[in-house]
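Thank you for making the time; I would like to walk through one model with you, and please keep the viewer open while I talk.

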Amino acid sequence: MYSDLKTLIDLQRVDQQIADLSSQIETFPNKIQAIEKQLNDFIHAHEERKQHLGANQKERRDMEGEIQLIRQKISKHKDQLYMVKTNEQYRAMLKEIEGEEGNIRGIEDRILEKMIESEELQELVTEAAGRLDSEKSRVAKEKAHLEADAKVCKEEREGALRERQELAARLGDDILGHYERVRKGRAGLALAEVRNGKCMGCNVLLRPQLYYDVRAGEGLYECENCARILYSSEQLSTAGEADGPQAVAPN
């Protein structure tokens, strides 16, 4: 009986190890996706800034072209000043030239704003271009590290699964079946230690006789509240090898 109980405890340990490894393995795709997203976001931001810089430069060229057209109009209007015949026409022409010169000043102010913006964008683009290779290298290393960790976890899980098969083969169908049923309904824990008269799985006091029987180690007993198979660390430390598989004792 000691052999069965020891095997069950080892089986639960391995099952917890498998569950922990499986949980870790499930996190790796999201972790890899997250660092890939960091690089993609960096590249996307870099490309957006380059596009913004290109648009800025085009807007400045367009505005400079607009200024040239206005200056041509001003030059034409100045030539026309000598052709007007009345003071009223002369003043109207001067007012039009003044308005066009004001338009030029407004456009030049906007060009200046675009130049300041362009300098800031150029600085960001240059800085990002210098970092791009290092960012790609960093992400590649972190991704390789995560993939290596995932491989190790998968190999450890495979080993744990093989150990589980070996442990399960040592148990009778009745004991293994009971273990599996309780494990499914109790968050993966089918065994619980008894300590200070309590089942540590559900923290409920045991009947004195049941507590005594578990500590005596003469059979497999289950908690009357949570149905977990009970064991005593004290009994395990002093018990010797027992007989072959036995069924879980009825309540």
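Which residue follows helix 4, and what is the sign of its phi? Helix 4 is followed by Gly217, whose phi is positive, near 70°; helices here (H or I, at least four residues) and strands (E, at least two) are DSSP runs, numbered from the N terminus.

Before going further, this is a predicted model, in which local features need pLDDT of at least 70 and side-chain atom pairs count only at pLDDT 80 or more, while totals for chains, interfaces and linings use all residues. Residues are numbered from 1 along each chain as its sequence is written, and side-chain values use heavy atoms, with hydrogens and water left out.

Staying with helix 4, residues 208-216, its buried residues are Leu210, Asp213 and Val214, where buried means under 20% relative accessible area and exposed over 50%, with partly exposed in between (1.4 Å probe, protein chains only). Those residues cover an arc of only 100° around the axis, taken from the directions from the helix axis to the C-beta atoms, which puts them on the same side of helix 4, whereas Pro208 and Tyr212 are exposed on the other side.

Turning to helix 1, residues 2-81, we find Gln12 there, buried with a relative accessible area of 8%. Leaving aside residues up to four places away in sequence, Gln12 touches Tyr179, Gly188, Leu189, Ala190 and Leu191, a contact being heavy atoms within 4.5 Å.

Leu191 also leads us to the sheet, since Leu191 stands opposite Ile229 in strand 5.

How values were computed: Pairing = 2+ DSSP bridges.
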